[in-house]
Amino acid sequence: MDLYGKMAATQDAKGKGEGGDQNFDYMFKLLIIGNSSVGKTSFLFRYADDAFTSAFVSTVGIDFKVKTVYKNDKRIKLQIWDTAGQERYRTITTAYYRGAMGFILMYDITNEESFGAVQDWSTQIKTYSWDNAQVVLAGNKCDMEEERVVSVDNGRLLAEQLGFEFFETSAKDNVNVKQTFERLVDLICDKMSDSLDSDPAVTTGAPTAKLTDSAPPLQQSGCNC
Amino acid sequence: MAADSDPESEVFEITDFTTASEWERFVSRVEEVLNEWKLIGLSAGSVNPEKGEYTSGTWGEKCLDINFADFKFYITHYFLKQECEKDNGKDKLEEDSFPLAMQDLLCMNNDFPPRAHCLVRWYGIREFVVITPGTNCEAIISESKCNLLHSSVSIALANSGCQVPMFVQIQQKWRRVYAGECQGPGVRTDFEMVHLRKVPSQYNHLSGLLDVFKAKIGCNLSPLPPINIAIRFTYILQDWQQHAWPQQPPDFDTLLGGEVGGVEFGKLPFGACEEPIRELHLATTWPHLAEGIVVDNDVYSDLDPLQAPHWSVRVRTADNPQCLLGDFLTEFFKLCGRKESTEEVLGRGMPEEEGKENSDISSALSKLTEPAAAVPISKLSVSNIVHSARKHIRRHRHTDESPLKTDVLNSVLLYLFPDAAVEKSSESSRNRSAPTITSGIAEQEKGPDSNLYQHLKSAPSDSLTYRLALCVCLVNYTYGGLRAVAHLWQEFVLELRYRWENNYLVYGLAAGPPDLRCCLLHQKLQMLNCCIERKRARDEARKVLEGNRGRERKVSGGGPSDRPTAEAAAGSTREVSPGKSWDSWSDSEDEFFECLSDQGEGEAAHAEGDKEGSKVKAEGRLHPQGNMTLLNSTEPLYIPVTQEPAPMTEDLLEEQSDVLAKLGTSAEGTHLRARMQSACLLSDMESFKAANPGCALDDFVRWYSPRDYVEEEVEDEKGNMVLKGMMSSRMMIPGNMWVEAWESARVTPARRQRRLFDDTKEAEKVLHYLAVQKPADVTQNLLPCILHAAILKLKEEESVEDIPSVKKSIQQAISQASKLLHTLSHDYKKLEDFISQLMALETAITQARSLKAKFATCEGGTAEDTEELEKFVSSLLEDPEVVVLGAGQGPAGSIIHRLFINSQRAALLSPMEDEFGLEKKPGGGSNKVPDFPPPAGREILLRTCVPRPAPYSKALPQRLFCVLMKEEFRLAGAFSSDTTFF
């Protein structure tokens, strides 16, 4: 958890210099994973820039975008890392799992293989991520109904089995893109407050410290305005 | 009434002239408080408290400040929290009933509660109010003051109609002398107390006390109503003769003596160095006696503890007994706060010492060249390092002044690097096979604890890191603290450097890239191993080549034979450019993945190529990809041998992701990021080109990113359906990364490419990181491992004793530790608290162990007895007072009896007689030595219900509680009288 705190802090300090998006209360690091060409990059572009292009260059390694959301009057900065889906990039991308608080695991409803790989990806998450990272399963390209090979029910069933939330999405038609991210953010927030409530040790521990750490920039912004 | 109707009277402040004096004001304040706390009127509550409810129930407490002039008092209300009455109405019917406190005086359900306010113990009351002088105020000692205070209480109670007894504390606080009063309708109870230093001889027995009681009641009825007597004698056992504690502290000297040497280094010590159970208090109770049944006077007593119908026991544990594990942890933790660097700790002593062997000049030289923390590693020449490392492996050092003695150091290093022993015996054979590391497999077999390291972010319990932590802990505690740790660390780093220079894998680390779930130090060590492995692979390839060359040379008759070695040396000594491994993509420096591999072969291929025209020989093939063929030819598509991506430790990874994040979210940023990460793609493309001469990007994509190659059935000119394939539209975007990379990719097999992972640089970075660690850094890095080890040790010890409460606490400790240790920067205050928690657990286990040893069943004991004893021991640890089933005759009782006998004998007889006596006289009364020591405390409780003050008054509860101790004599009496006609 503290990793985010630290990253948040560094990002924050940097932001001030650039005059960029330095104002936030929390920073969540999210990761989008899934087989190659299921639409991860498009999905992220739709969310971050509200744009769609049919052909993005296949991602090399790892890329990221930033989006700030508001929840309960708190600014949450989402640093969303987009990964290359090719087998060859697995070792490179899994190294990034450890710092992520949430995952969007994506498959393509018109591609059976990408759906079949979900189980594998889920295992990868369990192996390489923090214990309480949250996952949402997204079946992308639901606009291409005529080419569908994975039914909604099958998607939902698998999500249930794996204990993930589930959405069918379309980056092209902007279906459930925002919802997917918002749900993931909610899940992470719930988890955070859970661990705050359930364990007194945590209440005085790192998360609170982090909260206060990142609070000052907000106040400063108030002064600037 | 008139005032009420007059609106003007409300406007003015009402001055109450009745509270003119300080005293009156005080009394009215007391009344106010009683009102505030709603203590006026009938006191509600069940008629009789349940048996033992005073102990099992919870007690409430309310407190306020109250002033008498400028003298501060506390007024406190103590009450047993009882569930609200359902049959309240029933109680209310009896308007004339006594106050509850009076009924409590006679109630026998809660005599001698093990844990209660002294007034509860003396008077058996469940609710009362006490006025005590403020914290810094002097005690109320003069008689007039006492009386004044007492009468204030009396007035307040009468005025308010409060039925709760109220006390004032008088005399010095430590004497705990109270006077009090309880008022009910037509009845009053006075609580009086006598407190003396010595027991007057005429009251030193039951009969004397009965006389006092009778005289005080002053009842002239005859026959006198029966007096109920309850007696409790308490015996203290302090001398555990036959169960000699302390447990043997581990004998550190012999640790090193044994053949196996360092095996014992792998263990943390455990246990208390002193008896953790200080005293055992045996309370023998006669709960219900009538006058005349027992005789207890100045010459004879019937009160034999062995015959008491009721026994109970409590233990007093030693406060913070010294425990080994706790000591180790505390000392280790202290190191985390030290500021000194290794160099400061060890000074220049080490190199100088080595210099002594040589003459003056060479000593000066060796000062310059010997490795010490002061000399930056990059400036050391290779030969010197190897030389020194070798020397140090043989450990022929002058170590008179070194913090760690040679033999200790040797054993530690041998424990850490057990493979070095093998090497020592056959030093000539340098080609040791790689140590087989089985931790991966073993992990799954070891059960639930095996992945504990992931939760604690430590290291697997068989890893080098974990063992190092144990050694540092032991060395710190036993062999000289900070200096010894610094010394050990220096030697450890030297050994690692030696291994790096000589291509020996570091023993005891799981193979593969650094495990990010482990602590950073462990990752660094794994990283070093990765480097060594790569370097070995390169060196081996070179050796093969050298062999080939040698053969070639024989044929061709000589050549530049020293070239490969020179280059190899250059390769490993070249200056380390401190920079990110990351920017190697733009690095023009040529360092090859498998440099100098089959050049000859390449030349031969060229020659061949010339003959056969444009056809180039394929290189670096791994295996064919199914039965796929190249698009432009019938050649099968081969998967090439590729370079492995660079392993990363978490700090490198963070550094890298920071760099990537700094590029921002713009399109250029994205492009730049892709460029930065394209090194691996480019290398794969080059390898692919080399393995598949004449291939196209389409071919590469079919292998590398199959979903980007789309095949569909198309009708050709002749009308036949043909499978036509093409790259996906995103791969066709002009000038995209993939196309760009493909065009710039040369035809180079992986082994001739520039290294993606510069093992030399990375290894030096790791070694530098290790070398500059201060002892405090080392301990901080190892702290998760040592806590991991401590938890495992506690678990192991607990499983022997099986103490449910401790088991639960250990589980909680694990989850707490997991939270504390997962943060990047540890909170040392919290960790300190955590360590004290672990220490408390250790103490609890040693207490259980001690009690178990004391209450172990003898050979002849039945299974039931054993079970009963086990239950007894476990409740001793958890309850304040435990009933001994069967009193003196039960299994636990007889053991306690024997403990007392032995202790008595030890105190009064010589040891020889002791043994005989034990056999002959089990618990005999005629023994010349009594079985039990004189009781440390005697409590005698006398109760009756007689009319007072006149024979025609109501019969009311009377009670006298007597405490007889060596240096204290207390009579606490509660005498009720009928106030109707007086």
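The legends below walk through several close-up views of a predicted model.

**View 1. Chain A at a glance.** Let us begin with the fold of chain A, which holds nine helices and six strands. Of its 225 residues, 59% count as buried. Contacts in chain A that join residues at least 6 apart in sequence often span much of the chain, since 72% of them link residues at least 24 apart. One detail to look for is A:Lys67, which lies over the face of A:Tyr47, at 5.0 Å from the ring centre.

**View 2. Where chain A meets chain B.** Here the view moves to the interface, to which chain A gives 42 residues and chain B gives 43 residues. The size of an interface is often given as the accessible area lost when the parts come together. For chain A and chain B that area is about 3700 Å², with 57% of it on carbon and sulfur atoms. On the side of chain A, the residues that lose the most area to chain B are A:Val60, A:Arg88 and A:Arg98, which together make up 18% of what that side buries.

**View 3. Polar links across the interface.** Three salt bridges are found between chain A and chain B. One of these pairs A:Asp63 with B:Arg673, whose closest N and O atoms are 2.4 Å apart. The interface also has 13 residue pairs in polar contact. Which elements give two or more residues to the side of chain A that touches chain B? They are α1 (2–18), β2 (62–71), β3 (74–83), α3 (90–94) and α8 (200–203) of chain A. Of these, α1(A) supplies the largest share, six residues.

**View 4. An aromatic cluster shared by both chains.** One aromatic cluster brings together A:Tyr89 with B:Phe688, B:Phe700, B:Trp703, B:Tyr704, B:Trp738 and B:Trp742. Three members, B:Phe700, B:Trp703 and B:Tyr704, are among the buried residues of α27(B). Seven of the eight residues of this helix (residues 697–704) are buried, so α27 of chain B is largely enclosed by the rest of the structure. The other buried residues of α27(B) include B:Leu697, B:Asp699, B:Val701 and B:Arg702.

**View 5. Helix α29 of chain B and its neighbours.** The cluster members B:Trp738 and B:Trp742 are buried in helix α29 (residues 737–744) of chain B, as are B:Met737, B:Val739 and B:Ala741. What do the buried residues of α29(B) pack against? Their partners are α25 (667–676), α26 (678–691), α27 and α28 (729–732) of chain B. At the start of α29(B), look for B:Asn736, where a side-chain oxygen comes to within 2.7 Å of the backbone nitrogen of B:Trp738.

**View 6. A tilted pair of rings in chain B.** Over all chains there are 41 aromatic pairs. In one of them, the rings of B:Phe167 and B:Phe191 have centres 4.8 Å apart and planes at 50°, so the pair is tilted. The two residues are 24 apart and link distant parts of the chain, with B:Phe167 in strand β4 (residues 166–170) and B:Phe191 in strand β6 (residues 187–196) of chain B. Both B:Phe167 and B:Phe191 are buried.

**View 7. Two arginines of chain B.** Is B:Arg538, in helix α21 (residues 520–556) of chain B, buried or exposed? B:Arg538 counts as buried, at 10% relative accessibility. Its side chain makes a polar contact with the side chain of B:Asp759 (2.5 Å). As for B:Arg467, its charged end sits over the ring of B:Tyr415, 5.8 Å from the ring's centre.

Notes. Residues numbered from 1 in each chain as written. Chains lettered and ligands numbered in written order. Predicted model: local features only at pLDDT ≥ 70, side-chain atom pairs only at ≥ 80, totals over all residues. Heavy atoms only, no water. Phe/Tyr/Trp six-rings, centres within 6.5 Å; stacked < 30°, edge-to-face > 60°. Helix = DSSP H or I, 4+ residues; strand = E, 2+ residues; numbered from the N terminus. Buried < 20%, exposed > 50% of the residue type's maximum accessible area, 1.4 Å probe, protein only. Lys NZ or Arg CZ within 6 Å of the ring centre and 35° of its normal. Contact = heavy atoms within 4.5 Å. Buried area = accessible area lost by both parts, 1.4 Å probe. Salt bridge = Lys/Arg side-chain N within 4 Å of Asp/Glu carboxyl O. Polar contact = N/O pair within 3.5 Å; in protein donor to acceptor, adjacent residues only side chain to side chain.
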